[in-house]
Amino acid sequence: MEDGSMVWNHRPDHHFKGRAKSWNSRRAGTPVSFTVSKNKSGRLYRSIPLNGTRWMYNRILWIYFNGSIPDGMLVDHINGDSMDDRVANYRLATHAQNTHNSKFRSNSSGLPGAYRASNSGRKKWCSSIYINKKRVFLGYFETPEEASKCYMQKVSETRGEFAPQRYSSPALS
């Protein structure tokens, strides 16, 4: 189960209204089936129907291994891959921390944190970051690589363990 797989356990008679024997003979010991869906931002996730409600796969595994999830907290996938349901890939995070660990979305430069300056009298590239819901301007740069490098340093400095681990750009290597 620590690898993210789940199987149905044998269930006692009091869980059912006369169907326990039938359910246990068909399901006990078999892999739990799940549905793969997309959320509003297009990310894939797994869910399981239980008692008429759809439950997030990662939440069930977290509760099984670690206990309850405190109010206001989410189960974050450390490596950002929502289909990697190994328990070692989970941690609790606030909504803000979870969004910090989100995937890079392309911009005008194709590099994280670097975008074209709108005022043409200045150098060509800018960088900025949001810290505590406020945009912090990091400066003007000659190249998008310089702007992105500055951004990535600030991300590491301000977001710590929740800084994205998946930024992979040949220009930054």
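The sheets, nonpolar cores and aromatic contacts of a predicted model are described below.

Strands S1, S2 and S3 form an open sheet, in that order, with antiparallel pairing. S1 and strand S3 (53-56) stand at the edges, each with a single partner strand, so one side of each is left without a neighbour in the sheet. From one strand to the next, the twist averages 45°. S1 is joined to strand S2 (residues 44-50) by 4 bridges, and the two run antiparallel. Within this pairing, Ser37 stands opposite Tyr45 of S2. Helix H2 (residues 57-66) lies across S2 and S3, and its direction is at about 70° to S3.

The largest nonpolar core has 13 residues, and Met6 and Ile48 are those with the most contacts inside it. H2 gives the most to this core, contributing 4 residues. A second core, separate from the largest one, has 6 residues, among them Leu111, Trp125, Phe141 and Ala147. In soluble globular proteins, nonpolar side chains tend to be buried together.

The count of aromatic pairs comes to 3. One of them is formed by Phe34 and Tyr57, with an edge-to-face arrangement, 5.4 Å centre to centre and 65° between the planes. Phe34 lies in the loop between helix H1 (20-27) and strand S1 (35-38), whereas Tyr57 belongs to helix H2, so the pair ties together parts that are 23 residues apart in sequence. The two residues were also assessed for accessibility. Phe34 is partly exposed, because its relative accessible area of 35% falls between the limits of 20% and 50%. Tyr57 has a relative accessible area of 2% and is therefore buried, the limit being under 20%. The ring of Tyr57 has a further contact: Arg46 lies over its face, at 5.6 Å from the ring centre.

Another open sheet consists of 3 strands in the order S6-S7-S8, and its pairing is antiparallel. Strand S6 (115-116) and strand S8 (134-141) are the edge strands, each pairing on one side only. Strand S7 (residues 125-131) is joined to S8 by 7 bridges, and these strands run antiparallel. Ile129 has Val136 of S8 as its bridge partner. Helix H4 (residues 144-159) lies across S7 and S8 and runs at about 15° to S7.

Key
Residues numbered from 1 in each chain as written. Predicted model: local features only at pLDDT ≥ 70, side-chain atom pairs only at ≥ 80, totals over all residues. Heavy atoms only, no water. Pairing = 2+ DSSP bridges. Contact = heavy atoms within 4.5 Å. Axes fitted to C-alpha atoms, helices over the stretch in contact; angles between N-to-C directions. Core = buried A, V, L, I, M, F, W, Y, C linked by side-chain atoms within 4.5 Å. Buried < 20%, exposed > 50% of the residue type's maximum accessible area, 1.4 Å probe, protein only. Phe/Tyr/Trp six-rings, centres within 6.5 Å; stacked < 30°, edge-to-face > 60°. Lys NZ or Arg CZ within 6 Å of the ring centre and 35° of its normal.
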